Amino acid sequence: MSNYLLILIIVAYLLLLFAIAFFAERNKGSKWVKNPYIYVLSLSVYCTAWTYYGSVGIASESGISFLAIYLGPVIALPLWMVLMRKIIRISRQQKISSIADFIALRYGNNRSLGALVTITCLMSVIPYIALQLKAVSETFELMTLKNGYVSKGILDDSTFYISLLIAVFVAFFGTRSSDATRHKKGILATVAMESVLKLVFFLVIGCYVVFYLFDGTGDLYRQVSQSENFQRLSSFGGIEEGFNWLFAICLSFVAIFLLPRQFHVAVVENEDEKYLKKAVWLFPLYLLLFNIFVIFIAWAGNIRLPPNVNHDYYSLLLPLQEGHVALTVMVFLGGFSAVLSMIVVSTLALSTMVSNSIIIPYGFIKTLVSGNPEENAKRIKTIRRMAIFILIVAAYIFYIKFSVQLSLYAIGLISFVIISQLGPSFFFGLFWRRGTALAAQIGIGLGLLVAIYTLFSPAIASAINPGTTLDSDGLFGMSWLRPSQLFGLDYLSPVSNAFLWSISSNLFVFVTVSVSSKGNYRERNYAEMFVNYENYENLQEGAFIWKGEAYVTDIKGLLNRFLGEQRTNRAMEIFNRKYNIAPNVETADARLINFSEKLLTGSLGSTSAKILLSSVSKEKPISLVAVLNILEETKEAKANNKLLRDKSDELSAMAEQLRMANAELLDLDKQKDEFLDTVAHELKTPITSIKAASEVLEDEEMPKELRKQFLENIGRDTERLAILIHNILDLEKLSGNRAALHIAPREINTTIRNAILGIQQIAMKRNVVINFIAGDSVKAMYDEDRILQVLTNLLSNSLKFTEEQRGVISISVDEHGDNICVTVVDNGRGIPNEEHKYIFDKFYQSKNQNIKKPQGSGFGLAICRQIMESHNGAIWADDTYSKGARFLFTLPKAI
Amino acid sequence: MSKRKILIVDDEPNIVMSLEYAFKKKEFEVFVARDGTEALDIAEKQVPDIILLDIMMPQMDGYETLRLLRETEKLKRVKVVFLTAKSKVSDMEKGLQMGADGYMTKPFSVKKVVKEVEEMIH
């Protein structure tokens with residue numbers, strides 16, 4: 001395939017990515033750009049050329065050990081979810097834009113620690129980028145020339161131009177805003193797109209190999225199992241290999257958190273914590289899909305391809321050998337996508353770190369302080385763009401100088417070992433307050449030295465002085481210092497060996513120094529804010545401790561330079577409103593200092609922000625003890641607040657209860673008043689009648705007939721009075737449970753018959769029929785007289801409300817479990833719906849009576865209810881019955 | 001001079017009977033109503049000189065009856081005396097405030113009622 005054609009394809013592909021990035025930047029809010037899948041796909045930037053090509057190489061030579069570095073992330077993910085949420089929240093709270101920022105801030109916003117972390121990242125990532133360039137360059141060569149063309153210089157090397165194109169892309173879309181915490185939608189969208197492409201293309205080539213070149217996996221297995229070293233390719237290989245597996249898993253576990261590109265996509269670009277829930281199962285699924293065909297492609301390459309080709313590129317060489325050019329180009333583009341996404345995100349993350357943690361705090365801060373906002377934003381962007389170009393060029397140089405002998409897999413692992421040096425200070429920093437900046441620095445420094453000695457010294461030594469025996473004899477001829485078999489552990493792979501010793505020495509030093517030294521107050525302050533971030537989430541600026549002198553005008557001036565006047569004023573307005581501070585306050589407090597630091601952190605990184613603020617304020621040192629006390633107080637104040645809130649809630653609940661009890665009492669009181677009123681009225685009526693009659697009877701001229709009538713009235717009213725008094729007393733007795741009830745097993749049919757007998761006369765007079773057919777003997781527990789009273793009452797009510805001649809009253813008895821139920825139904829006027837609620841109330845008299853003047857005291861049903869309740873029974877009216885009234889009462893059965 | 005007209009409104013026939021007898025004896029033309037609605041009907045037809053009004057009655061109570069009486073143009077100036085078992089001071093105040101001309105509590109003396117009425121419409 002022609003050189004130029006391939007370049008043309010690459011340029012076309014890059015243009016497509018530019019277009020996607022543009023689209024995403026334009027449509028930031030669209031659901032195509034803003035969704036959890038983009039987040040998960042951007043996490044898949046973990047899969048680079050190393051995965052795309054390198055895994056096949058490893059699988060073809062040493063079997064399934066390539067899987068280890070994917071197992072780490074998969075194992076890590078459930079834990080990752082918990083840790084990530086904490087990391088994301090802290091980062092958002094503190095406006096953190098890179099891992100260097102994160103670690104430096106955790107240890108008291110330490111400038112040199114930030115720089116050290118950045119250098120570690122550079123050491124880890126530049127070779128890694130070089131590895132990607134190597135993959136591009138080698139695949140490019142494979143595609144274009146079959147007979148091993150080697151470029152003669154930089155200007156002749158297409159890889160160089162491709163690198164420059166990538167740098168332009170990153171610089172263009174990565175530095176649109178000077179605030180590094182702003183989400184870079186365009187870049188993220190392209191990364192997601194690339195993640196899809198690399199996976200799909202790899203799956204396509206996998207299917208091609210397995211199902212086109214071979215007859216399915218079974219066929220492939222049969223053929224490969226006849227090869228001589230098959231045993232080695234398909235087994236774990238003993239306990240020593242087990243250790244190597246273990247270390248590889250640990251390495252990748254740590255790397256998924258610490259690699260700058262992973263931190264960038266997972267933390268800095270995270271928009272919504274909820275995305276983590278999708279990531280926790282989608283990301284492992286992605287890794288699984290990516291690894292399905294690796295082993296088969298490796299086997300196929302071993303069978304079909306000559307042994308002298310580079311095993312890493314089996315997936316490219318297999319279709320090439322068959323002459324399937326289009327497929328080959330597709331595989332190449334998949335690999336190129338993997339490369340591109342890795343380089344783009346890595347350089348983006350690294351350039352932020354380099355500018356915020358090294359270039360600005362160590363060099364440019366003075367220039368920036370004197371500049372105006374537009375100039376500063378421009379300068380910051382320029383610094384970052386420069387950093388991007390420098391990084392890519394550095395990676396290119398590394399690739400030219402060193403990577404010829406190393407495989408993709410080896411460089412990848414070395415890169416992991418170096419980045420893992422950040423592990424102790426990062427992970428311990430999240431949970432352990434004692435860790436100090438000094439310990440972190442010494443730990444990382446020592447870990448790096450050990451890693452370099454064990455990993456690079458043999459190569460460097462042989463480069464300087466070929467024929468040196470450093471690796472076989474050890475430093476100064478001491479065999480236990482052999483770089484790749486330190487302390488005589490000779491069964492570990494060089495990388496496992498390097499990881500074991502570097503990380504142990506790092507961890508050991510970190511812990512010992514932390515325990516034996518005291519951090520300064522600032523370190524302790526941030527330690528508290530990171531470890532117990534939940535406590536301070538609500539306090540925000542309140543958790544930051546600072547004492548000293550600073551003027552609001554100075555701070556505003558400073559913010560003006562970087563944010564511009566408009567943004568500064570808006571920010572100050574928000575701040576004042578949030579803390580209820582008058583706009584004319586002159587001196588700044590800790591909250592304003594912290595608030596401003598965070599504002600500047602987005603653009604400049606935390607280190608520079610701190611330096612800038614200390615230039616406009618005079619900070620007084622605080623003793624560590626004082627800081628601890630203040631933190632304790634803040635926490636206590638918070639706890640007290642909570643206690644007070646709880647107490648106040650309790651009190652208001654109690655007040656509510658009291659209020660309700662009071663209302664109930666008032667209600668009872670009112671009821672009692674009403675009752676007395678009604679009683680008085682009911683008593684006064686016959687008394688008035690008697691009194692009036694006796695007065696008019698004085699008239700001697702009154703005719704005899706009339707006189708007799710008046711005297712009869714007096715008699716009836718007296719009787720009425722007597723019944724009334726009896727009923728009132730009865731009801732009081734019943735409701736006070738003072739009535740003596742003679743409850744015994746009795747035959748209900750007999751009682752009903754007696755009740756009917758008592759009322760028969762009136763019924764006959766009004767020509768009302770009473771139906772009752774006694775069934776089998778039913779015994780219930782009750783007081784004969786009282787139930788007779790209830791029945792009589794119900795029957796006389798029915799009589800009152802039914803028409804003469806046509807009235808029919810029926811009584812029946814049913815058994816329901818442990819109760820008997822007596823029903824009295826009539827065909828009278830029934831009970832109006834709105835009255836159902838009241839008919840059992842004392843003195844309630846229906847407005848629906850047949851007889852003009854209501855007869856009776858209004859006590860009847862109230863007494864019935866009291867009686868039934870004192871029998872553990874119930875009485876109610878059926879409000880669904882419309883053909884008259886239907887009353888029911890229940891009594892416990894006799895056992 | 002035509003006969004003085006009195007309307008007695010109460011739902012207790014026995015009480016009404018005694019009052020009716022006493023007023024007839026004094027040459028009153030007596031009308032009887034058992035509740036507010038009936039009272040309004042009769043009052044409108046007869047336009048009595050005075051109305052004795054019970055408060056606690058079924059359907060329409062005495063307060064409501066008085067309000068409606070006062071709203072009717074030709075009944076506005078008719079004297080109304082509450083004759084009720086409600087003996088609390090607050091009830092009395094309420095009654096007078098609503099525009100009653102007298103307030104007498106049960107149990108009452110028939111003679112005293114007659115005397116009061118005669119004085120009122122003198």
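Which residue in β3(B) does B:Ile8 stand opposite? The partner is B:Leu52. Please keep in mind, as you look around, that this is a predicted model.

## The sheet of chain B

Let's begin with the strands around that pair. Strand β1 of chain B, residues 4–9, is joined to strand β3 of chain B, residues 50–53, by four bridges, and the two run parallel. They belong to an open sheet of five strands in chain B, with parallel pairing and the order β2-β1-β3-β4-β5. The edges are taken by β2 (28–33) and β5 (102–105) of chain B; each has a single partner strand, so one side of each is left without a neighbour in the sheet. On average, neighbouring strands of this sheet are turned by 20° against each other, direction ignored.

## Helices on the sheet

Helix α2 of chain B (residues 36–46) packs on the sheet, where it touches β1, β2 and β3 of chain B. The direction of α2 makes about 170° with that of β1(B).

A further helix to find is α5(B), which lies across β1, β3, β4 (79–84) and β5 of chain B. Relative to β5(B), α5(B) runs at about 175°.

## Where the chains meet

Now for the contact between the chains: 18 residues of chain A are in contact with 21 residues of chain B. On the chain B side, the elements that give two or more residues are α1 (13–25) and α5 (110–120). Of these, α1(B) gives the most, with nine residues. By character, the residues on this side of chain B divide into twelve nonpolar, three polar and six charged.

## A helix pair in chain A

In chain A, have a look at helix α5 (residues 99–106) and helix α6 (residues 111–144), whose axes come within 8 Å and cross at roughly 145°. The crossing of α5(A) and α6(A) is right-handed.

From α5(A), the residues A:Ile99, A:Ala100, A:Asp101, A:Ile103 and A:Ala104 meet A:Leu113, A:Gly114, A:Val117, A:Thr118 and A:Cys121 of α6(A). The residues of this contact divide into seven nonpolar, two polar and one charged.

## A closer look at A:Ser346

Is A:Ser346 buried or exposed? A:Ser346 is buried, because 28 other C-beta atoms lie within 10 Å, and 20 or more are needed for a residue to count as buried. You will find A:Ser346 in helix α16 of chain A, residues 325–370.

Leaving aside neighbours within four places in sequence, A:Ser346 is in contact with A:Val125, A:Ile129, A:Pro260 and A:Arg261. The C-alpha atoms of A:Ser346 and A:Ile388 are separated by 9.6 Å, with the two residues 42 residues apart along the chain.

Notes
Residues numbered from 1 in each chain as written. Chains lettered and ligands numbered in written order. Predicted model: local features only at pLDDT ≥ 70, side-chain atom pairs only at ≥ 80, totals over all residues. Contact = placed C-beta atoms within 7 Å. Nonpolar A, V, L, I, M, F, W, Y, C, P; charged D, E, K, R; others polar. Buried ≥ 20, exposed ≤ 12 C-beta atoms within 10 Å, placed from the backbone. Axes fitted to C-alpha atoms, helices over the stretch in contact; angles between N-to-C directions. Left-handed = near helix turned anticlockwise from the far one by under 90°. Pairing = 2+ DSSP bridges.
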